[in-house]
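User: I'm new to this one and would like to learn how to read it. Could you walk me through it?

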Amino acid sequence: MTELKLNTYETVALNQVKIWFKAAPASKFPKDGGACIKYKDKQIAVFNFSREGTWYACQNLCPHKMEMVLSRGMIGEERLEAKVACPLHKNTFSLKTGNHLNGDLGAIATYPVKVENDFVYVGFSE
Ligand code: FES
């Protein structure tokens, strides 16, 4: 069951996007914070990194204890790379590469985000 859940999340590179899913108006995402959206069976954490002027998306599932919590994590920067810290035990992941920055858990999946006409879209390959 756990494995099945994990396998539903795979990083999508910009050039792999086939579907731009219209997630929600930009105003629904707190500044310098995140919110969770649902696409098919996936929970995706979307972050409005407003002090950088960028957006990020990743799986909402924290691989540490398999909790759907990353959208509630604090975001920040480490060596000029945006990151999110899980609210439960502070494992930290790059929002660019998905890599676990303070340990050796597997990388989380990340997804492209775009904003058009004040709507947030997340890119999926299927
Ligand atoms: S569940 Fe995320 S750090 Fe433990």
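Analyst: Happy to. Let's begin with a term: two strands count as paired if DSSP finds at least two bridges between them. Keep in mind that this is a predicted model.

User: How many bridges link E1 and strand E12?

Analyst: First the general idea: strands of a sheet pair through backbone hydrogen bonds, either parallel or antiparallel. Here, E1 and E12 (residues 119–124) pair in the antiparallel sense over 6 bridges. To pick one out, find Trp20, whose bridge partner in E12 is Gly123.

User: In what order do the 3 strands of the open sheet come?

Analyst: The order is E1-E12-E11, with antiparallel pairing. E1 (19–25) and E11 (113–116) are the edge strands; each has a single partner strand, so one side of each has no neighbour in the sheet. From one strand to the next, the twist averages 30°.

User: Stepping back, what pattern does the protein chain follow along the sequence?

Analyst: Reading along the sequence, you meet α-β-β-β-β-β-β-β-β-β-β-β-β. That is 1 helix and 12 strands. The radius of gyration is 13 Å, close to the 14 Å that the globule rule gives for 126 residues, so the chain is as compact as a globular protein of that length. Its C-alpha trace spans about 40 × 30 × 25 Å along the principal axes.

User: And what share of the residues is buried?

Analyst: For burial, count neighbours: a residue is buried if 20 or more other C-beta atoms lie within 10 Å of its own. In this chain, 32% of the 126 residues are buried. As for contacts between residues at least 6 apart in sequence, 49% join residues at least 24 apart.

Notes:
Residues are numbered from 1 along each chain as its sequence is written. This is a predicted model: local features need pLDDT of at least 70, side-chain atom pairs count only at pLDDT 80 or more; totals for chains, interfaces and linings use all residues. Helices (H or I, at least four residues) and strands (E, at least two) are DSSP runs, numbered from the N terminus. The radius of gyration is taken over C-alpha atoms; the globule rule is 2.2 Å times the number of residues to the power 0.38. A residue is buried if 20 or more other C-beta atoms lie within 10 Å of its own, exposed if 12 or fewer, and partly exposed in between; C-beta atoms are placed from the backbone. Two residues are in contact if their C-beta atoms, placed from the backbone, lie within 7 Å. Axes are lines fitted to C-alpha atoms, for helices over the stretch in contact, and angles run from 0 to 180 degrees between N-to-C directions.
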